[in-house]
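Reader: I am in my first year and would like to learn how to read a protein model. Could you take my questions one by one?

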Amino acid sequence: MNNSFTLDRRQGKIMGVCAGLANRTHIDVTLIRIAVVLLTLCALGPVGVVAYLLAGWLAEG
């Protein structure tokens, strides 16, 4: 069984990062998207955007 993180571009909105993370963790994709937005706005700022873009660029999919 392959445990690597993969993008889910079919169900994804921007790059498929949140959808891929939801598939891997078995958490609803809407909750993942809300958490990413809240973390970016309230805690991480531009670092969250860069991390999201890097995850989308480096992940398989």
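**Loops, helices and cysteines**

Author: We can begin with a loop: glycine 45 is placed between α2 and α3. Keep in mind that the model is a predicted one.

Reader: Is glycine 45 buried, partly exposed or exposed?

Author: Buried means under 20% relative accessible area and exposed means over 50%, with partly exposed in between. Glycine 45 has a relative accessibility of 23%, so this residue counts as partly exposed.

Reader: Leaving aside neighbours within four places in sequence, which residues is glycine 45 in contact with?

Author: Glycine 45 sits in the loop between α2 and α3. With neighbours within four places in sequence set aside, its contacts are Leu39 and Thr40.

Reader: Where is threonine 40, and is this residue buried or exposed?

Author: Threonine 40 belongs to helix α2, which covers residues 29-44. Leaving aside neighbours within four places in sequence, threonine 40 touches Gly45, Gly48 and Val49. The cut-off for buried is under 20% relative accessible area. Threonine 40 has 19% relative accessibility, so it counts as buried.

Reader: What about leucine 39: buried, partly exposed or exposed?

Author: Leucine 39 is also in helix α2. Leaving aside neighbours within four places in sequence, leucine 39 is in contact with Leu44 and Gly45. Its relative accessibility is 46%, so leucine 39 counts as partly exposed.

Reader: How far apart in space are leucine 39 and leucine 53, C-alpha to C-alpha?

Author: In sequence, leucine 39 and leucine 53 are 14 residues apart. In space, the C-alpha to C-alpha distance between leucine 39 and leucine 53 is 15 Å.

Reader: Which residues form the largest nonpolar core, and which helix gives the most to this core?

Author: In soluble globular proteins, nonpolar side chains tend to be buried together. Here the largest nonpolar core has 7 residues: Leu7, Val17, Cys18, Ala22, Ile32, Tyr52 and Ala59. The helix that gives the most to this core, with 3 residues, is α1 (residues 17-25).

Reader: Which helices do the buried residues of α1 pack against?

Author: In α1, the buried residues are Val17, Cys18, Ala19, Gly20 and Ala22. The helices that these buried residues pack against are α2 and α3.

Reader: What is the phi of histidine 26?

Author: Histidine 26 follows α1 and is found in the loop between α1 and α2. Most residues other than glycine have a negative phi. Histidine 26 is not a glycine, yet its phi is positive, at about 60°.

Reader: Is histidine 26 buried or exposed?

Author: The cut-off for exposed is over 50% relative accessible area. Histidine 26 has a relative accessible area of 73%, so it is exposed.

Reader: Why is there no bond between the sulfur atoms of cysteine 18 and cysteine 42?

Author: A disulfide is a covalent bond between the sulfur atoms of two cysteines. To count as one, the two sulfur atoms have to be within 2.5 Å. The closest cysteine sulfur to that of cysteine 18 is in cysteine 42, and the bond is absent because the distance is too far, at 15 Å. The count of disulfides is therefore 0.

Reader: Which of these is buried and which is exposed, cysteine 18 or cysteine 42?

Author: Cysteine 18 has a relative accessible area of 9%, so this residue is buried. With 67% relative accessibility, the residue that counts as exposed is cysteine 42.

Reader: How far apart in space are tryptophan 57 and methionine 15, C-alpha to C-alpha?

Author: Methionine 15 lies in the segment before α1, while tryptophan 57 is in helix α3. Leaving aside neighbours within four places in sequence, methionine 15 has contacts that include Tyr52, Leu53 and Trp57. Tryptophan 57 and methionine 15 are 42 residues apart in sequence, and their C-alpha to C-alpha distance in space is 8.6 Å.

Reader: Which residues form the nonpolar patch on the surface, and what is their accessible area together?

Author: One member is tryptophan 57, which counts as exposed because its relative accessibility is 67%. Another is leucine 58, in helix α3 (residues 46-58), and leucine 58 is exposed with a relative accessible area of 62%. The patch consists of Val50, Leu54, Trp57 and Leu58, and together their accessible area is about 480 Å².

How values were computed. Residues numbered from 1 in each chain as written. Predicted model: local features only at pLDDT ≥ 70, side-chain atom pairs only at ≥ 80, totals over all residues. Heavy atoms only, no water. Patch = residues over 30% accessible without salt bridge, like charges linked within 9 Å, V, L, I, M, F, W, Y side chains within 5 Å. Areas by Shrake-Rupley, 256 points an atom, 1.4 Å probe, with all protein chains shown as cover. Salt bridge = Lys/Arg side-chain N within 4 Å of Asp/Glu carboxyl O. Helix = DSSP H or I, 4+ residues; strand = E, 2+ residues; numbered from the N terminus. Buried < 20%, exposed > 50% of the residue type's maximum accessible area, 1.4 Å probe, protein only. Core = buried A, V, L, I, M, F, W, Y, C linked by side-chain atoms within 4.5 Å. Contact = heavy atoms within 4.5 Å.
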